[in-house]
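Reader: Hi! Could you show me how to read a few features of a protein model?

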Amino acid sequence: MSDIVLLLISLGIILLGAEGFTNGVEWLGKKLHLTEGAVGSILAAVGTALPETMIPIIAIIFGGGHAGEEIGIGAILGAPFMLSTLAFFITGVAVIAYRHRRPDYPRMNLDTATMGRDLGFFLCVYSVAVLASFLGAHIWKQLVAVGLVIAYATYAYLTVTRGSTLEEGEKLNPLYLARRAAEPAAALVALQIIVALGMIIGGARLFVAGVEDLARIIGIPPFVLALIIAPIATELPEKFNSVIWVGRGKDTLALGNITGAMVFQSSMIPALGIAMTSWELTTGALISAILAIFSAGLVFFRISRHRYLTPYTLVSGGAFYGIFVILIFSGFIR
């Protein structure tokens, strides 16, 4: 029971830290006079992904041996898996729920060029990251890691220069350390970012310890717990923004909130994992990656072929997530 409480406390600390960090980073972007595209698609994406980034880093460095590496890889692969399956499913259900507000239902009001670009990048970089686990010499894996970083830099450049701004027109929330200030001081912005980062690092260390203990008690591999618990707790709450945007008919914002994170989580974070571990994926890890690629590939195929998207394609992501859960409880994934 105490291990579950520790997990809940650590996830709460991580989420509070992530919220404060994202809010501070957005204000930092404004202070530096960055474009809305850079703030929304780059800085905000990093803020959202930070908990998922810190958990594997802390697990690999401080987790201790094989268990720590399992938790790290599980957290790395968990975010793309959850985003391309469960997050798609929830967004699709939201579109169906709001169908009475949609004159063109079941067609979604979507910028298919933006979505196609995001999903195309995801499928390419994530496939490369997974295939890197089959390379023998670690030097080749390191080269792949460098290539993934370059790929994300290319994506970020295209996002900013082509004006594909997913957060355009969105007003910034007040800085949490200066809620009444219309223009908070730069020192307060920096202080909030530092404090939030400290909360995330501390929460990540507690999370890793809790997962290791709980995995030993119930006999489930640490990889499985990290893959399922970490992304749902740290990523999924942020993605409920997509439900709000769907209700307002802003489908490009809703899906862009997911696909933009998918690109970051399938390139920069696996690059860290490849650089810091042996990057040898277990059967369960490979299955989760394959299911994520198939789910995203189905949406990409629909957009590329028909130039429009319906919520029923997104809802199918729930089936891929369900398959993985069934495989776990059936004992196929150990």
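Author: Sure, a word on classes to begin: Ala, Val, Leu, Ile, Met, Phe, Trp, Tyr, Cys and Pro count as nonpolar, Asp, Glu, Lys and Arg as charged, and the others, Gly among them, as polar. This is a predicted model, where local features need pLDDT of at least 70, side-chain atom pairs count only at pLDDT 80 or more, and totals for chains, interfaces and linings use all residues. Numbering runs from 1 along each chain as its sequence is written, and side-chain values use heavy atoms, leaving out hydrogens and water.

Reader: How do the residues lining the second largest pocket divide into classes?

Author: Into four nonpolar, three polar and four charged. Among the lining residues are Y98, R101, D104 and G247.

Reader: Which residues of helix 13 are buried, and which are exposed?

Author: In an α-helix there are 3.6 residues a turn, so residues three or four places apart point the same way. Here G317, F320, Y321, F324 and I328 are buried (under 20% relative accessible area, with a 1.4 Å probe and protein chains only). They sit on the same side of helix 13 because they cover an arc of only 100° around the axis, taken from the directions from the helix axis to the C-beta atoms. I326 and F329, on the other side, are exposed (over 50%).

Reader: And where is the kink in helix 10 centred?

Author: On N257, with an angle of about 25°; the bend at a residue is the angle between axes fitted to the seven residues ending there and the seven starting there. Helix 10 is mostly covered, with 21 of its 26 residues buried.

Note on methods. Helix = DSSP H or I, 4+ residues; strand = E, 2+ residues; numbered from the N terminus. 1 Å grid on protein atoms, 1.4 Å probe; cavity = no way out; pocket = protein on both sides within 12 Å on 5 of 7 lines; lining within 4 Å.
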